[in-house]
Amino acid sequence: MLTLRFARHGRKKQAFFKLVAADSARAVQKKIVKEIGYYNPLTDGGKGTFTFDAEAVKKYIKNGAQVSETAARL
């Protein structure tokens, strides 16, 4: 089953996250299907920037992908 979730990237204490469609049985950083967007919590004075492709998200949810709690909250 596909899951829309965040994969952590970046250096120590300078993390940013990519919103990816990945198989739920695999590790977060392995075998992603598609990168859909990103979240950088360090921009805008700590408020963060979240950019994603809304059409791709709708397509994956329509086809049965589950959204992680963190991704759904943002």
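Is G10 buried, exposed or partly exposed? In this predicted model, G10 counts as partly exposed, at 48% relative accessibility. The residue lies in strand β1. Its C-alpha is 10.0 Å from that of N40, although 30 residues separate G10 and N40 in sequence.

The overall fold was examined next. The chain contains two helices and five strands. Read from the N terminus, the order of elements is β-β-β-β-α-β-α. The radius of gyration is 12 Å, close to the 11 Å that the globule rule gives for 74 residues, so the chain is as compact as a globular protein of that length. The C-alpha trace spans about 35 × 25 × 20 Å along its principal axes. Buried residues make up 27% of the 74 in the chain. Among contacts with a separation of 6 or more, 33% join residues 24 or more positions apart.

Nonpolar side chains tend to be buried together in soluble globular proteins. Here the largest nonpolar core has eleven residues. Its members are L4, F6, L19, A21, I36, Y39, A56, V57, Y60, A65 and A71. Four elements give two or more residues each: β1 (2–11), β2, β3 and α1 (54–62). The most comes from α1, which gives three residues.

L19 belongs to this core. Neighbours within four places in sequence were left aside for its contacts. L19 then touches several fellow core members, including L4, F6, I36, V57 and A71. The contact list of L19 also holds R5, K34, E35, G37, Y38, F50 and F52.

I32 is located in strand β3. This residue is partly exposed, with a relative accessibility of 38%. Residues up to four places away in sequence were again not counted, and I32 touches V20, A21 and A22. One of these, A21, is a member of the largest nonpolar core. I32 was also compared with L4, another member of that core. The two are 28 residues apart in sequence, and their C-alpha atoms are 10.0 Å apart in space.

Charged side chains came next. The structure holds one salt bridge. It joins the side chains of K18 and E35, with an N to O distance of 3.6 Å. The bridge links distant parts of the chain, with its two residues 17 positions apart. K18 sits in strand β2 (residues 14–23), and E35 sits in strand β3 (residues 32–40). K18 has a relative accessible area of 23%, so it counts as partly exposed. E35 is also partly exposed, at 41% relative accessibility. E35 is among the residues in contact with L19.

R5 presents another case. This residue is in strand β1. R5 is buried yet has no salt bridge. The nearest side chain of opposite charge is that of D23, 7.2 Å away. A salt bridge requires a nitrogen to oxygen distance within 4 Å, so the pair does not qualify. The side chain of R5 does reach D23 in another way. It lies 3.2 Å from the backbone oxygen of D23. R5 is also in contact with L19.

S68 lies in the loop between β5 (66–67) and α2 (69–73). Its side chain reaches the backbone nitrogen of A71 at 3.3 Å. A71 is part of the largest nonpolar core. With neighbours within four places in sequence set aside, S68 is in contact with T3, L4 and R5. L4 is a core member too.

Backbone angles pick out two loop residues. Which residue has a positive phi of about 55 degrees although it is not a glycine? That residue is D44. D44 is placed in the loop between β3 and β4 (49–52). Its relative accessible area is 54%, so D44 counts as exposed. K13 likewise has a positive phi without being a glycine, with a value near 65 degrees. K13 is placed in the loop between β1 and β2. At 74% relative accessibility, K13 is exposed.

How values were computed: Residues are numbered from 1 along each chain as its sequence is written. This is a predicted model: local features need pLDDT of at least 70, side-chain atom pairs count only at pLDDT 80 or more; totals for chains, interfaces and linings use all residues. Side-chain values use heavy atoms; hydrogens and water are left out. Buried means under 20% relative accessible area, exposed over 50%, partly exposed in between (1.4 Å probe, protein chains only). A nonpolar core is a set of buried Ala, Val, Leu, Ile, Met, Phe, Trp, Tyr and Cys residues joined through side-chain atoms within 4.5 Å. Contact means heavy atoms within 4.5 Å. Lys and Arg count as positive and Asp and Glu as negative; His and the chain ends are not counted. A polar contact is a pair of N or O atoms within 3.5 Å; within protein, one must be able to donate a hydrogen and the other to accept it, and residues adjacent in sequence count only if both atoms are side-chain atoms. The radius of gyration is taken over C-alpha atoms; the globule rule is 2.2 Å times the number of residues to the power 0.38.
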